[in-house]
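Visitor: I'm new to reading protein structures. Could you walk me through this one, a feature at a time?

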Amino acid sequence: MNKQLNDLFSLKMLTKRNIFMSFIIAATLSSCNKNNEEMTTEAQAAANKIENLKKGQLGGQDITYERKDGMNFFEGDIILSDKQLTDDGSANRGGASFSRWPGGKIYYTVASNMGSINANKITTAVNEYNTKTNTQWIPRTNQTNYVEFIFGSSSGSDGWAHIGYQGGKQSISLDQYISVGSVIHEMGHTVGLYHEHSRKDRDQYLSIQWGNIQDGQAYNFNIYSSGTDIGPFNINSVMMYWPNSYSKNGLPTIKRANNTTFTYNRTGFTTGDINTINTMYP
Ligand SMILES: [Zn+2]
């Protein structure tokens with residue numbers, strides 16, 4: 001998970017575009033240029049981002065998510081389907097839930113433009129799941145319900161995934177420089193795992209540094225209390241955010257509860273991660 005690089009990039013692009021647009025407006029509509037200065041600020045870019053934020057219901061809990069590219073992003077890299085989530089939550093309170101893959105069997109395909117480097121990482125990650133957990137990732141033949149690994153872009157090391165079993169075709173998106181550990185992380189979302197820092201008991205173990213979080217991104221650090229916490233809190237989990245996630249100033253956004261820093265793990269599964277998955281898929 002490396003959202004903030006992309007976010008910073010898009011923020012910059014947005015600002016550039018706004019400056020350009022303001023120039024056009026100033027040149028052609030000179031009588032309407034009084035607010036140009038306000039319009040070209042980075043604050044507007046931040047506000048534009050915040051406009052994408054939406055309120056919805058997940059598992060009966062009010063949540064905030066970002067609507068982007070026709071998808072619903074939760075906690076940065078988790079995609080919620082429209083079925084899991086509705087803008088008008090009242091009619092669907094408690095109705096939104098994710099399911100587990102029947103029999104722990106997850107059928108998958110790899111997009112033809114994936115490239116051999118990422119394809120090898122997928123193979124390594126699949127082997128980790130197939131040897132260490134009760135889920136079995138099986139190349140799809142003609143199954144209707146499956147996940148496709150798609151190639152996100154050739155810049156950055158970003159990824160995202162639909163959470164849990166959706167029915168039909170769902171996706172895991174991988175970018176050029178993603179690590180095997182991050183592939184395992186995204187596959188964790190496919191299996192049904194949320195992020196470790198959103199557990200109900202996280203404040204016993206973590207201190208969220210709210211003042212260091214980028215404008216409009218604080219919602220990514222909310223507790224998801226409708227989820228089911230399995231096993232003890234595990235700061236080394238491959239599903240843990242990293243310490244500088246969404247930092248606006250290079251300082252940590254997450255520390256241990258005793259205010260010390262931690263090292264995040266994107267090497268692979270911890271025993272806790274394996275135990276959690278095997279509790280979900282006995
Ligand atoms: Zn994630």
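Guide: Sure! Keep in mind that this is a predicted model. Let's start with the whole chain: buried residues make up 49% of its 282 residues.

Visitor: How many helices and strands does the protein chain have?

Guide: You can find six helices and 11 strands in it. Also, take the contacts with a separation of 6 or more: 69% of them are between residues 24 or more positions apart.

Visitor: How do I read two packed helices?

Guide: Two packed helices are described by the angle between their axes and the distance between the axes. Here, look at helix α4 (residues 116-132) and α5: they pack at about 55°, and their axes are 9 Å apart. That makes α4 and α5 oblique to each other, and their crossing is right-handed.

Visitor: Which residues in α4 and α5 meet?

Guide: On the α4 side they include Ile122, Ala125 and Tyr129, and on the α5 side they include Val183, Met187 and Val191.

Visitor: And the zinc ion, what are its protein donors?

Guide: Asp77 is listed twice, each time through OD, and His185, His189 and His195 each use NE2. These donors lie 2.0 to 2.3 Å from the zinc ion. Along the chain, their spacing reads D-x107-H-x3-H-x5-H. His185 sits in helix α5 (residues 180-191) and His195 in the loop between α5 and β10 (206-208), so this pair ties together parts that are 10 residues apart in sequence.

Visitor: Are His185 and His195 buried or exposed?

Guide: Both His185 and His195 are buried.

Terms used:
Residues are numbered from 1 along each chain as its sequence is written. This is a predicted model: local features need pLDDT of at least 70, side-chain atom pairs count only at pLDDT 80 or more; totals for chains, interfaces and linings use all residues. Side-chain values use heavy atoms; hydrogens and water are left out. Donors are N, O and S atoms within 2.8 Å of the metal (3.2 Å for Na, K and Ca); water is not among the atoms, so sites may look incomplete. Helices (H or I, at least four residues) and strands (E, at least two) are DSSP runs, numbered from the N terminus. Buried means under 20% relative accessible area, exposed over 50%, partly exposed in between (1.4 Å probe, protein chains only). Contact means heavy atoms within 4.5 Å. Axes are lines fitted to C-alpha atoms, for helices over the stretch in contact, and angles run from 0 to 180 degrees between N-to-C directions. Angles under 35 degrees count as roughly parallel, over 145 as roughly antiparallel, 65 to 115 as roughly perpendicular and the rest as oblique. A crossing is left-handed if the near helix is turned anticlockwise from the far one by less than a right angle, and right-handed if clockwise.
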